[in-house]
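Trainee: Could you show me how to read a helix and the empty spaces in a model?
Mentor: Gladly; let us look at one together.

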Amino acid sequence: MSTADWVRLITIPFFTGAVGWLINWTGLIMLFNPVRFHGFRIPGLDDLATLLPRKLQEVPGIMQGGVGWQGIVPARAAKMGSISVDKAISKLGTPREFFEQLEPEKMAEHIVSLFEPQIPEIVDRTMRREEPELWHNVPPRAKQAAYERVQAQLPDIVRQITDEIGLYIDQLLDPKLMVVDHFQRNPALVNRIFKQVGKKELRLMVNFGFLFGFLLGIPVAAVTHFVPLWWILPILGVIVGWTTNLLGMWVIFEPVEVKKIGPLRLHGLFLRRQNEVAEEYARLISDEVVTLENIGNFLLDGPRGDRTRQMLEEAMGPAIDRAVGPARAAVRVAVGTRGYENIRESFAQETAQHTLTGFQDPTFSRQQSEQMRTLIARRTKELPSRDFVEMLRSAFKEDEWMIYLHGAVMGLGGGLIHLALFGT
């Protein structure tokens, strides 16, 4: 063989190695970026999309009538949330266990500390709205006595509320709806969970791209030498590109269960780090997802928020009776039974919104997350290997073909570029 032939053959493994590295590097970019859909809409495409093959319908944007791209992981944020609950979070603890980790007693104390100073303003606002003339004529000392009576009962009322929330939390809180909604509104968070939990494996996957590409390039060089047809290298490039991504995924996530072949112990690299990953995953979930703040928002504004508000109003209603004290009968006569009930209802509605203020305090929420983190970490470490790996991989497993196809296209391009540089 001539020197040119030797150079052509020797460069093939290095070339396929470089292309393999590039394939996996750009594959990760496809996996995570952009966070939001970038592209343009084509009128009528959303109707036509329903007739396309199912695999094409999975391409981000197609079902919404758009042509462009969104990272596979953020595009599947809702699916990721659903799987996270089904495969992991629902097995890490029940809503009641999560709520107990947030220490309801401390929660009640915090709510009282925030709520108590607002009582005079809330009472004033309620009375000025419902019975402005009567309230104007009440002496300042009597007003102050009413404020103090409500404030004195507040700790017991709030404790009753947190106890009732804890008692009925399984009916008031749906973790799946909460997590899916939170992930859907925060696709960048889904990216962050993947990147931080699997950062070592993602880095290895890129490096494996060069290793697998180089090793696969050796038989490719041999085949092109013995079958000197110009189209052989591009075709083999497609196979190498597809296989490089396939092997990268396999090494990270497979085999799920430990397999021994002689002295070799085969186990997915991600699975080998279950204990380490559990700590990072627990930190992210407890700090960003299953938080006191998110639970509070869901309890008040979620699909079962009406029931929560009703419970809060029923707990706060009697506070007006006790605040009026011995003068209750006289007040009823002065404003009428209907007017008195309006005051009770108005005060209950006004205070219900403030009762869970402590839930929505980000600083307090972070302080209360430590026990939640410990619980989630412990339960994540105990997950069976299959549930543990599906916690992340299932969200995009059905879409991996797009990553493999991307590798195949780049492999084809790499083969054509090598032909252009070195010939057949």
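**A bent helix and the spaces around it**

Mentor: Helix α13 bends by about 30 degrees at N207, the bend being the angle between axes fitted to the seven residues ending there and the seven starting there. Helices are DSSP runs (H or I, at least four residues), numbered from the N terminus. The model is predicted, so local features need pLDDT of at least 70 and side-chain atom pairs pLDDT 80 or more, while totals for chains, interfaces and linings use all residues. Residues are numbered from 1 along each chain as its sequence is written, and side-chain values use heavy atoms, without hydrogens and water.

Trainee: What span should the 28 residues of α13 have at 1.5 Å a residue?

Mentor: The expected span is 1.5 Å times one less than the number of residues. For α13 (residues 199–226) that gives 40 Å, and its end C-alpha atoms are 42 Å apart, which agrees.

Trainee: Which residues of α13 are buried?

Mentor: An α-helix has 3.6 residues a turn, so residues three or four places apart point the same way. In α13 the buried residues (under 20% relative accessible area, 1.4 Å probe, protein chains only) include E201, L202, M205, F208, F212 and V220. Among the elements covering the buried residues, by contact (heavy atoms within 4.5 Å), are α1 (3–32), α12 (187–197), α14 (232–253) and α15 (269–272).

Trainee: How many cavities of 30 Å³ or more does a search of the whole structure find?

Mentor: Rolling a probe the size of a water molecule over the atoms shows where empty space is left. On a 1 Å grid over the protein atoms alone, a cavity is a set of points where a 1.4 Å probe fits but cannot get out, and lining residues have an atom within 4 Å of a point. Grid points are joined across faces, edges and corners, and a volume is the space filled by probe spheres set on the points. The search here finds four such cavities. The largest has a volume of about 150 Å³, and of its 13 lining residues, F194, L202, I252, F253 and F396 lie nearest its centre. Elements giving two or more residues to that lining are α1, α13, α14 and α23 (385–397).

Trainee: What lines the second largest cavity?

Mentor: This cavity holds about 110 Å³ of space. Its lining has 15 residues, with T16, G237, G411, G414 and G415 nearest the centre. At least two lining residues come from each of α1, α14 and α24 (400–422).

Technical notes
Buried means under 20% relative accessible area, exposed over 50%, partly exposed in between (1.4 Å probe, protein chains only). On a 1 Å grid over the protein atoms alone, a cavity is a set of points where a 1.4 Å probe fits but cannot get out, and a pocket is an open set with protein on both sides within 12 Å along at least five of seven lines; lining residues have an atom within 4 Å of a point.
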